[in-house]
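I have the model open on one screen and my notebook on the other. Here is what I looked up, entry by entry.

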Amino acid sequence: MLILACAKKLVLFDKAIRNGDYEIRNRVKGMDLEGKTLGLLGLGKIGHMVAKKAINGFGMKVLAHDPFWDEAYAKAHGITRAAPDEIFAECDVISLHLPLTPETENFIGAAELAKMKPDAILINTARGGLIDENALLDALEAARLCGAGIDAFSSEPPKDARWFTLDNVVLGSHCAASTAGASRNMGRMATANLIRDLGL
């Protein structure tokens, strides 16, 4: 959802049309995803699903980095292994799917953002703290990135007022999994686990 919203500049278009600027459609163009390269930092279960949707739904090429690399899965689904620096330099969209640990805190800072393409999109639905938020806000304010979709922040809710003034960022409230279906499934899984573990 955030990839599409950023690629199609949804926030900018929504704001413009609410202000009577229907002609924005003649001045601003979104990004096509077909043929673009998605970089995944973290290729666990969620990374797997994002990769499949990107490849099968949008015709994207996928590069990924994960210290626990599953070569069989990657080969079966057309995912190419890459180092983080390759992902920063080559990918049009970068999506984070890492845990927050001492090794991954501020995994993306000013140096990494500087390596990214100026028309790249950065997505974080994983954990706040993976990105140096001040560096990201500086890059977004200077239009050094096409945009960002951020659903997890180092402090929630986010406190820096700059988040709320930018048209090239889509914000979530750590709600990527907050759907009626997901809530039902979590309840069913918890119940099934209790029944299994209690031997009922």
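**Pockets**

I began with the second largest pocket, whose lining divides by class into 5 nonpolar, 6 polar and 1 charged residues. A reminder to myself: this is a predicted model. The volume of this second largest pocket comes out at about 180 Å³. Which residues line the second largest pocket? I noted down Gly42, Gly44, His65, Asp66, Pro67, Phe68, His97, Leu98, Pro99, Thr101, Thr104 and Phe107.

Next I turned to the largest pocket, which holds about 930 Å³ of space. I found 29 residues in its lining, and Ile46, Val50, His97, Thr125 and Ala176 lie nearest its centre. His97 therefore deserves a double entry in my notes, since it is listed for the lining of both the second largest pocket and the largest pocket.Which elements build that largest lining? At least two residues each come from α1 (2-7), α3 (45-58), β4 and β7 (169-171). Helix α3 has the largest share, with 6 residues. By class I wrote down 21 nonpolar, 5 polar and 3 charged residues for the lining of the largest pocket.

**A cavity**

How many cavities of 30 Å³ or more does the structure hold? I got 1, and its volume is about 40 Å³. Its lining consists of Asn124, Gly128, Gly129, Leu130, Ile131, Glu133, Ile150, Ala152 and Trp163. I sorted these lining residues into 5 nonpolar, 3 polar and 1 charged.

**Nonpolar cores**

I then looked at the largest nonpolar core, which has 29 residues, and asked which of them touch the most other members. They are Leu113 and Leu136. For this core, α5 (84-90), β4 (93-96), α7 (133-141) and β6 (147-150) each supply at least two residues. The top contributor is α7, which gives 5 residues.

I followed leucine 136 a little further. Setting aside neighbours within four places in sequence, I have leucine 136 in contact with Leu113, Leu122, Ile131, Leu145, Ala148, Ile150 and Trp163. Ile131, Ile150 and Trp163 from that list also appear in the lining of the cavity.

Another core lies apart from this one, with 25 residues that include Leu2, Ile3, Ala51 and Ala74.

**Cysteines**

How many disulfides are there in the whole structure? My search came back with 0. I wanted to know why cysteine 6 has no partner. The closest cysteine sulfur, in cysteine 146, is 7.3 Å from the sulfur of cysteine 6, so the two are too far apart for a bond; the cut-off is 2.5 Å. Cysteine 91 is in no disulfide either, and for it the nearest cysteine sulfur, again that of cysteine 146, is 15 Å away.

Are these two cysteines buried or exposed? Cysteine 6 has a relative accessible area of 5%, so I logged it as buried. Cysteine 91 is at 0% relative accessibility and also counts as buried.

**Backbone oddities**

I checked the backbone next, with a rule of thumb in mind: most residues other than glycine have a negative phi, and most peptide bonds are trans.

Where is the cis peptide bond? I found it joining glutamate 156 and proline 157, with omega at about 0 degrees. Proline 157 sits in the loop between β6 and β7.

Lysine 9 is not a glycine, yet its phi is positive, at about 55 degrees. I placed lysine 9 in the loop between α1 and α2 (10-18). Its relative accessible area of 23% makes lysine 9 partly exposed.

Alanine 143, not a glycine either, has a positive phi of about 55 degrees. Its place is the loop between α7 and β6. With 53% relative accessibility, alanine 143 goes down as exposed.

**One long distance**

My last entry is for asparagine 193, which I found in helix α8 (residues 180-198). At 33% relative accessibility, asparagine 193 is partly exposed. How far is its C-alpha atom from that of arginine 144? I noted 47 Å for this pair, which is 49 residues apart along the chain.

Notes
Residues are numbered from 1 along each chain as its sequence is written. This is a predicted model: local features need pLDDT of at least 70, side-chain atom pairs count only at pLDDT 80 or more; totals for chains, interfaces and linings use all residues. Side-chain values use heavy atoms; hydrogens and water are left out. On a 1 Å grid over the protein atoms alone, a cavity is a set of points where a 1.4 Å probe fits but cannot get out, and a pocket is an open set with protein on both sides within 12 Å along at least five of seven lines; lining residues have an atom within 4 Å of a point. Grid points are joined across faces, edges and corners, and a volume is the space filled by probe spheres set on the points. Ala, Val, Leu, Ile, Met, Phe, Trp, Tyr, Cys and Pro count as nonpolar, Asp, Glu, Lys and Arg as charged, and the others, Gly among them, as polar. Buried means under 20% relative accessible area, exposed over 50%, partly exposed in between (1.4 Å probe, protein chains only). A nonpolar core is a set of buried Ala, Val, Leu, Ile, Met, Phe, Trp, Tyr and Cys residues joined through side-chain atoms within 4.5 Å. Helices (H or I, at least four residues) and strands (E, at least two) are DSSP runs, numbered from the N terminus. Contact means heavy atoms within 4.5 Å.
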